[in-house]
Amino acid sequence: MPNIRESINEMIEESYLLSLSESEIRMDLERFIEICTRVIRENIHDRKQMQKLSEKLARARALDLIEDYQGAEYSETFTKSQAVRPSRERFAEKVARNKRLILRAIRECDPKLEGLIEQERFPGTSQGQFTRTLPLHTGSKSRAKDLFLKSCYLITLIFVLFLVYLALLQI
């Protein structure tokens with residue numbers, strides 16, 4: 001389930017980034033890194049935990065470099081007419097993947113930090129939306145709310161998959 005959630009979050013992030021220009025994507029990435037840095041500095045005071053987080057981020061960076069290298073080899077096997085997504089789309093995909101890798105590494109170190117980062121990124125949302133625990137069902141109101149949210153989630157997922165399908169048709 002977490003891998004599916006990760007994939008969906010990455011697709012949502014990528015679809016958001018695709019609506020931006022390349023310079024806006026860079027600004028968004030810089031803002032994301034600033035938020036991560038600030039939250040980490042404010043909340044991690046233990047040297048061991050900071051070292052552990054640094055190692056996880058370095059591992060995530062190495063994984064990204066390996067994926068880029070393998071992706072370059074894979075795209076060289078295609079002919080020019082097959083391998084052709086605009087550079088902005090590839091850049092948006094890479095930035096979205098990197099953001100999710102960074103958040104995953106931070107979550108593995110301290111799950112609370114991810115929630116704080118998400119709260120900084122999206123200030124209008126409540127902290128409860130980013131927790132990884134299952135909600136307690138206390139009444140029919142919360143069940144109706146959960147059903148509504150699951151329906152919205154499903155509609156969003158179908159819409160994203162539809163967008164991916166349309167993008168694949170254009171290739």
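A nonpolar core here is a set of buried Ala, Val, Leu, Ile, Met, Phe, Trp, Tyr and Cys residues joined through side-chain atoms within 4.5 Å. Keep that in mind as we walk through this structure, which is a predicted model.

Let's start with the greasy part. The largest nonpolar core has 12 residues in all: Phe32, Ile35, Cys36, Val39, Ile40, Ile44, Leu53, Leu103, Ile106, Cys109, Leu113 and Ile117. Helices α2, α4 and α5 are the elements that give two or more residues to this core, and α2 supplies the largest share, with 5 residues. If you want a spot to zoom in on, try Leu53. Leaving aside residues up to four places away in sequence, Leu53 touches Ile40, Ile44, Ala105, Ile106 and Cys109. There is also another core, lying apart from the big one, with 7 residues that include Leu20, Ile25, Phe91 and Val95.

Now look at how two of those helices sit against each other. The axes of α2 and α4 are 10 Å apart, and the helices pack at an angle of about 10°. Angles under 35 degrees count as roughly parallel, so α2 is roughly parallel to α4. On the α2 side, the contact is made by Glu22, Ile25, Arg26, Asp28, Leu29, Phe32, Cys36 and Ile40. Facing them from α4 are Ser87, Arg88, Phe91, Ala92, Val95, Lys99, Ile102, Leu103 and Ile106. Sort the residues of this contact by type and you get 11 nonpolar, 1 polar and 5 charged. Some names will be familiar: Phe32, Cys36, Ile40, Leu103 and Ile106 belong to the largest core, while Ile25, Phe91 and Val95 belong to the other one.

On to the charges. The whole structure holds 12 salt bridges, and a good place to begin is Glu6. The side chain of Glu6 meets that of Arg100 in a salt bridge, at 3.6 Å from N to O. Glu6 lies in helix α1 (residues 2–18) and Arg100 in helix α4 (residues 87–109), so this pair ties together parts that are 94 residues apart in sequence. Both partners are tucked away: Glu6 is buried, with a relative accessible area of 8%, and Arg100 is buried too, at 5%.

Glu6 has a second partner. The side chains of Glu6 and Arg104 also meet in a salt bridge, at 3.7 Å from N to O. With Glu6 in α1 and Arg104 in α4, the parts tied together here are 98 residues apart in sequence, so this pair is another link between those helices. Arg104 counts as partly exposed, at 28% relative accessibility.

Back to Arg100 for a moment. Not counting residues up to four places away in sequence, Arg100 touches Glu6, Asn9, Glu10, Glu114, Glu118 and Arg121. Several of these turn up again in a network of salt bridges, which links Glu6, Glu13, Asp28, Lys99, Arg100, Arg104, Arg107, Glu114, Glu118 and Arg121.

One more pair is worth a look. Glu120 and Arg38 meet through their side chains in a salt bridge, at 2.7 Å from N to O. This pair links distant parts of the chain, 82 residues apart, with Glu120 in helix α5 (residues 111–121) and Arg38 in helix α2 (residues 22–43). Glu120 is partly exposed, at 36% relative accessibility, and Arg38 is partly exposed as well, at 37%.

Notes: Residues are numbered from 1 along each chain as its sequence is written. This is a predicted model: local features need pLDDT of at least 70, side-chain atom pairs count only at pLDDT 80 or more; totals for chains, interfaces and linings use all residues. Side-chain values use heavy atoms; hydrogens and water are left out. A salt bridge is a side-chain nitrogen of Lys or Arg within 4 Å of a carboxyl oxygen of Asp or Glu. Helices (H or I, at least four residues) and strands (E, at least two) are DSSP runs, numbered from the N terminus. Buried means under 20% relative accessible area, exposed over 50%, partly exposed in between (1.4 Å probe, protein chains only). Contact means heavy atoms within 4.5 Å. Axes are lines fitted to C-alpha atoms, for helices over the stretch in contact, and angles run from 0 to 180 degrees between N-to-C directions. Angles under 35 degrees count as roughly parallel, over 145 as roughly antiparallel, 65 to 115 as roughly perpendicular and the rest as oblique. Ala, Val, Leu, Ile, Met, Phe, Trp, Tyr, Cys and Pro count as nonpolar, Asp, Glu, Lys and Arg as charged, and the others, Gly among them, as polar.
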